[in-house]
Number of protein chains: 2
Amino acid sequence: MEKKIIKLNSAIISAASVVGKKEHEGPLGQLFDMHDEEDRFGQKTWERAEAEMQRLSANTALSKCKMTEKDIDFMFAGDLINQCTSSAYGLLEYNVPFFGLYGACSTAVEGLILSSVMTSYSVCERCLSVTSSHNCSAERQFRTPLEYGAQRTPTAQWTVTGAGAFVTENADGKNAEGKARIVEAMPGISVEKGIKDAGNMGAAMAPAALDTLMRYLDESGKTPSDFDLIVTGDLGYEGNSILCDLMRAEGVDPCDRVNDCGMMIFSRDTQDTHSGGSGCACSAVVLASYLLPKLESGEIKDMLIMGTGALMSPDSIKQGLGIPGIAHLIRIKGA
Amino acid sequence: MEKKIIKLNSAIISAASVVGKKEHEGPLGQLFDMHDEEDRFGQKTWERAEAEMQRLSANTALSKCKMTEKDIDFMFAGDLINQCTSSAYGLLEYNVPFFGLYGACSTAVEGLILSSVMTSYSVCERCLSVTSSHNCSAERQFRTPLEYGAQRTPTAQWTVTGAGAFVTENADGKNAEGKARIVEAMPGISVEKGIKDAGNMGAAMAPAALDTLMRYLDESGKTPSDFDLIVTGDLGYEGNSILCDLMRAEGVDPCDRVNDCGMMIFSRDTQDTHSGGSGCACSAVVLASYLLPKLESGEIKDMLIMGTGALMSPDSIKQGLGIPGIAHLIRIKGA
């Protein structure tokens, strides 16, 4: 077996998060850079609102590190909407070479891996990676328009309305001091275990998260207790519980290290999201607003984050196919 | 202005093409590795047929260089269908880490750029990049189901049914002898000039091709006559004519070097495709079957290929937005 861990040396020198009303009302609400009380961001359509969040998050990430588009060599971006138009339109005003990605909800980490490859190996100086999701655009995309009032099952997750943007450069660079560093990556392999319920994404993605995590632990010789935190993107309560069960079945104790951004972003007591948050933005905004500051302050010294994605479409569900999951992993060290 | 040309040193050690009936009947028909007389590849749906073409092209590319999935470190793939399911399902059986891309019809070159970065900078040993399009799945995706019998405008292009796969490794590697080498890349910037007609993709993409080409020529100090061929992915007759006009307006003579894969793949005299071929597969199968052998034989010594993509969706068209174009460029040298 080939070595699959990519050695990286990239610093996240700036990050920004933009969210909607429900996310702002959640337990992390005060940490996000920007929110909109109507989830519309001044736009006429939900798709335009999502694109606008990408633009705003990119702008904010650049402002925070006192940079402009001229300082960025390449952008990586993707989202959940058909033909990734939130990214294409949201970042259209930037005069920067653009690599479009599709990794479903794993896109934030996929973008960070490719950005970090570019900066770690000095292919370029600096990258911007952006991703987004919007509850209203995603629900009509993947399930039914919200106006239909469809009842949600207990395993269903709530697509996060938000966008996250990250500026990366080589960790030996001049802006890297005091910043979190991406030191390793383990890209994900698609795994499909027969789950066909678009209302249970957690179950579809948990086996992929297990696959990536076990490959990483095997190759690195680490155990979960070597890290302060092992966090998945959006398995939610259902998927997180499945992942922990699967880990125990593999003889690995998840101890208290395993958590999920979809479980962090909404309150289970006061916000009715059933199995928790999901969407490309879920891991992006939790990382940008909540985890990165802890890494920069030294509260978190060493963590793994796995972007989890479900690679189905409405048509593949209608055509009776199972849902492939994927999980991209990066290891981030604190300042 | 930063330098944006990426220096690369990657060899395309194997390539494969799979096409449908119409492509097989075209002027390059005998060069493709595989075709299906019914465009179905034994599958029940057009979407499954497209995924199967990805699987077949990947398999064939690996067979040709006597390799298996174990020899591949990372896969890059994308397509035109919602949520890129042709790639997700087509490559699901491969136990290889997977980066999903969305670059519309520029995906073949986008995948080659990222694969080549990975191999040129020794991030890994070997990558596989795959892309596909299918006339029947793309038409019902972006325009109307074929059964409606909608009349096509003269500027409309014919989405190529096919898939192309490429295996890349470092050009100093043991399998690189006698193979074409990717030596430079200029990633594309999204450009939107107000074209709103989904039946005129060539006009939407031509300004992006001009932008990338001019940036490349400016930075490299080259002129079109320095290359044996400058080929775009799928501008078609309309877009090619616009590109040549735009080049002349910029004071650059396209001379006889500028051509387009969409103009090569179908016969204008005997196959009614109006403005020529398009789709992710267009540049992929023409490069894999027709151009690479000429590079390997030395008939072509130095060429530029630009994957051109239109980053709209059916919804963005209905919502009245213009169509952003993008063009990713690579320079390939012959053996």
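User: What makes B:F74 and B:F99 count as buried?

Analyst: Buried means under 20% relative accessible area (exposed is over 50%, partly exposed in between; 1.4 Å probe, protein chains only). Both B:F74 and B:F99 meet that rule. The model is predicted, so local features need pLDDT of at least 70 and side-chain atom pairs pLDDT 80 or more, while totals for chains, interfaces and linings use all residues. Residues are numbered from 1 along each chain as its sequence is written, chains are lettered from A and ligands numbered from 1 in written order, and side-chain values use heavy atoms, without hydrogens and water.

User: How many aromatic pairs are there over all chains?

Analyst: Rings of Phe, Tyr and Trp (its six-membered ring) pair if their centres lie within 6.5 Å; planes under 30 degrees apart are stacked, over 60 edge-to-face, the rest tilted. The count over all chains is 6.

User: Why is the pair A:F76 and A:F99 called stacked?

Analyst: The ring centres of A:F76 and A:F99 are 5.0 Å apart and the planes meet at 15°, so the pair is stacked. A:F76 lies in strand β3 (residues 74-79) of chain A and A:F99 in strand β4 (residues 98-100) of chain A, so the pair ties together parts 23 residues apart in sequence. Strands here are DSSP runs (E, at least two residues), as are helices (H or I, at least four), numbered from the N terminus. Both A:F76 and A:F99 are buried.

User: Why is the pair B:F74 and B:F99 called edge-to-face?

Analyst: Their centres are 5.9 Å apart and their planes stand at 70°, so the pair B:F74 and B:F99 is edge-to-face. B:F74 is in strand β3 (residues 74-78) of chain B and B:F99 in strand β4 (residues 98-100) of chain B, so this pair links distant parts of the chain, 25 residues apart.

User: How do you know that the charged end of B:K22 sits over the ring of B:W158?

Analyst: The rule asks for NZ of Lys or CZ of Arg within 6 Å of the ring centre and within 35 degrees of the ring normal. The charged end of B:K22 sits over the ring of B:W158, 4.2 Å from its centre. B:R40 lies over the face of B:W46, at 4.3 Å from the ring centre.

User: How do you know that both faces of strand β9 (residues 229-232) of chain B are covered?

Analyst: On one side B:L229 and B:V231 are buried, and on the other so are B:I230 and B:T232.

User: What makes β9(B) and strand β12 (residues 302-310) of chain B a pair?

Analyst: Two strands pair if DSSP finds at least two bridges between them. β9(B) and β12(B) have 4 bridges, in the parallel sense. B:V231 has B:I305 in β12(B) as its bridge partner.
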